[in-house]
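Visitor: Hello, and thank you for taking the time. Could you walk me through this one, a question at a time?

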Amino acid sequence: MSELVVEDLHVQVGGQMVLNGVDLRVASGEVHAVMGPNGSGKSTLAYAIMGRPGYEVTSGSITLIDDDSNSVDLVDLSPWERAHAGLFSTQQYPTEVPGVGLENMLEEAVAAIGGDRSAVEAQVAAEAELVDFDPDLLYRSLNVDLSGGEMKRSEAVQLGVLRPRIAILDELDSGLDVDALAAVSHRIEQATHEDNLGVLAITHFSRLLTVLHADVVHILIDGAIAETGGPELAAQLEDTGYDPWIDTRAESPVEIHLGGDPWL
Amino acid sequence: MIETQFTPDAAGAIPGPDWLARRRVAAAEQVAAATMPSVEEEVWRYTPIGQLDLSRYQLAHDGGGTSTASVPEHSAMAEASNGRLGGVELPAEVAAQGVEVRPLGEGDAELAASVDVDMFALMNAAFSVEPLLVRVPPGVSVEGPIVVRHWLDADGGAVFPRLIVDAGADSSVEVLELYGSADISAFISPVIEIRVAAAARVGYLAVQDLGPKVWHIGSQVSHIGAQAHLRSSSAALGGEYARTRLDTHLSGRGATGDLISLYFGDGEQTLDFRTFQDHAAPDTTSTLLFKGAVDDSSRSVYTGLIRVRPDARGTNAYQTNRNIKLSEDAWAESVPNLEIENNEVHCSHASAVGPINSDQLFYLESRGVPTETAERLIVAGFFDEVLDQFPVLEAVPAVRNRLQSKIEGLGHRGVDGETGS
């Protein structure tokens, strides 16, 4: 069993603190959802874990504990080293890479960890079928001229070929039609059962959780986890929105001016 | 006043038809009276032209070895060595179509009336030993490219190849020029004239893969007639200083010119391009796409001008130049210009110089592709758009391979935000 452990994570972006002490543990086979309003630091969390340049960890740790209980400190690793350690991430708006094909990229990724690049073509074909990804689109440049649904199917194909330990899914449902969301979610859940994949799904809306079933739900407010609970937390969120959590935090900084009150 | 061995007497001594001899001497006299270009002139700005010492070079007279550059399947082929034409291979069935591939002769005096765009084009007019003519009669379509393969191995040689492509009305032809050299010091100044008569279709690709001590100062002048289409392209890979000036005149109504080039500099190379899209007739279209990469301490210069003359209403003209800077010490200059004298036109230009896109790099790295491999994939992908638009499809795989070998040598670059944290 492996586990992603995030402890007291502080992250600065463009000179501004965005994450102010995030604690999370995602074990293999589990699906965790991180939910939060706009600006709460959801995408920053995803990028910081994957090591995107510009997302500076000022304190705290990101660790991957592997099957043999070895701890790998990820903070000083480049994104590709983190990928080799077993991380995978999907982006809300996947970057277009003109002139670079899906298979091309996966062959290099597989070869870099000593895998068999000649096996990639067949794996891609099999994975494409699992998520109903049009084989004609396999030959396009990465994310170029693809719809939102096609991009996420493409990322599910990548996940299927690369077989990571932990997948971080940033707003998986954004721009997806119902069919694509179902196909991609189904493939990810299958991976949690068959390959013991651990999932950290970052989402604004609980819609995603109707198809991708979370074991644990975290609420992220102002760059820190405000509450952690079971799936019922998402249901509660559906009713109340984020207000209950935002209010508790908003009350504390209110200043009380004792000296200005004539009755005291 | 330029004092070199490139004198009118030397020009007059080159064998050839009388009209050509007269033209050579006249051009050589102009050369002798000219002053060397300098970086003070806008068109020579950013260049190492001040380092050029013509007295180091001797006019090459004798053919040497031949190129081993791979040649795709072709309809005809001419081989040149140190500027001297060797064999011309023109199969009977192609000759039977009326296609000519031969040196200029007695009857070609009307081809003398070309414009020499700079001092080096004049030198070419004076010292081109065997100008080559590729002529396709009206209405004839040539199957497969006509290949001209150049080889230089005379150390200290000066070579002035001249190619005239004369495509008759409603004809169709593709021409591939390959330039290669031994590891020598040499000076080559080619001139290419392309005449595309009404409704003709011409594809041209030059693959410049000269050695690292060769200076290349070339020019290409094209005239595109009514409803005709020229697709002119180049891959500039070699040379110490390699410059091409590209003047494209859209002379007939409805003419189209597509100009597509890639360049890759490494080591100490300077690659230099000056383009001129001249819209002189109504309803003409030109598109230009130049993409380059500079590694190590190489440099590239792109300056381009679109001119729309007063009569050229309905012009569509586009110019795009993008450059990737792969090392801290590399340097790329990109200067697009528009000069529009008619209101009914669509024109745009775009230019960019920057490092490898860090978002693309992150995407590939986040999949487990190591940084240097990811960079090579992105740079190769960057050029795909150009390779996809090249004419002479048969030649593209070899260009792709040669480009890839330069990309494989990609050293330690200056990428913005190289690793996380």
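Visitor: Which strand of chain B does B:Ser232 lie in?
Guide: Happy to start there, with a reminder that this is a predicted model. The strand spans residues 229-236 of chain B. B:Ser232 falls inside that range, and the strand is E14.

Visitor: Is B:Ser232 buried or exposed?
Guide: Let's count its surroundings. A residue needs 20 or more other C-beta atoms within 10 Å to be called buried. B:Ser232 has 25 C-beta neighbours inside 10 Å, so the verdict is buried.

Visitor: Leaving aside neighbours within four places in sequence, which residues is B:Ser232 in contact with?
Guide: Contact here means C-beta atoms within 7 Å. With the neighbours within four places in sequence set aside, the partners of B:Ser232 are B:Ile194, B:Tyr204, B:Ser222, B:Gly257 and B:Leu259.

Visitor: What separates the C-alpha atoms of B:Ser232 and B:Gly409?
Guide: Along the chain, these two residues are 177 residues apart. In space, their C-alpha atoms are separated by 28 Å.

Visitor: B:Ser222 belongs to a strand too; how many residues of E13 of chain B are buried?
Guide: Take the two faces in turn. On one side, B:Val214, B:His216, B:Gly218, B:Gln220, B:Ser222 and B:Ile224 are buried. On the other, so are B:Trp215, B:Ile217, B:Ser219, B:Val221 and B:His223. The strand is therefore largely enclosed by the rest of the structure, and the count for residues 214-224 is 11 of the 11.

Visitor: Which residue in E15 of chain B stands opposite B:His216?
Guide: E13(B) is joined to E15(B), residues 241-250, by 10 bridges, and the two run parallel. E13(B) is also joined in parallel to E10(B) by 3 bridges, with B:Ile188 opposite B:His216. In E15(B), the residue standing opposite B:His216 is B:Ala242.

Visitor: And how many bridges join E11 of chain B to E13(B)?
Guide: E11(B) covers residues 191-196 and runs parallel to E13(B). One opposite pair there is B:Glu193 with B:Val221. The number of bridges is 6.

Visitor: Let's switch chains: what is the strand order in the open sheet of chain A?
Guide: This sheet has 4 strands with antiparallel pairing. Strands E2 (16-27) and E5 (71-73) each pair on one side only, which makes them the edges. The twist averages 10 degrees from one strand to the next. The order is E2-E1-E4-E5.

Visitor: What is the bridge partner of A:Leu9 in E2(A)?
Guide: E1(A), residues 3-13, is joined to E2(A) by 9 bridges, and the pair runs antiparallel. Within E2(A), the bridge partner of A:Leu9 is A:Val22.

Visitor: Are helices H3(A) and H5(A) roughly parallel or roughly antiparallel?
Guide: H3(A), residues 102-112, packs against H5(A), residues 148-162, with axes 11 Å apart and an angle of about 25 degrees. Angles under 35 degrees count as roughly parallel. That makes H3(A), relative to H5(A), roughly parallel.

Visitor: Which residues in H3(A) meet H5(A)?
Guide: The helices pass in a right-handed crossing. On the H5(A) side are A:Ser154, A:Val157, A:Gln158, A:Val161 and A:Leu162. By class, the contact has 6 nonpolar, 2 polar and no charged residues. From H3(A) come A:Leu102, A:Leu106 and A:Ala109.

Visitor: Which element gives the largest share of the side of chain A that touches chain B?
Guide: In total, 30 residues of chain A are in contact with 25 residues of chain B. The elements giving two or more residues to the chain A side are E4, H2, E7, H3 and H5. The largest share is 5 residues, and the element is H3(A).

How values were computed:
Residues are numbered from 1 along each chain as its sequence is written. Chains are lettered from A and ligands numbered from 1 in the order in which they are written. This is a predicted model: local features need pLDDT of at least 70, side-chain atom pairs count only at pLDDT 80 or more; totals for chains, interfaces and linings use all residues. Axes are lines fitted to C-alpha atoms, for helices over the stretch in contact, and angles run from 0 to 180 degrees between N-to-C directions. Angles under 35 degrees count as roughly parallel, over 145 as roughly antiparallel, 65 to 115 as roughly perpendicular and the rest as oblique. A crossing is left-handed if the near helix is turned anticlockwise from the far one by less than a right angle, and right-handed if clockwise. Two residues are in contact if their C-beta atoms, placed from the backbone, lie within 7 Å. Ala, Val, Leu, Ile, Met, Phe, Trp, Tyr, Cys and Pro count as nonpolar, Asp, Glu, Lys and Arg as charged, and the others, Gly among them, as polar. A residue is buried if 20 or more other C-beta atoms lie within 10 Å of its own, exposed if 12 or fewer, and partly exposed in between; C-beta atoms are placed from the backbone. Two strands pair if DSSP finds at least two bridges between them.
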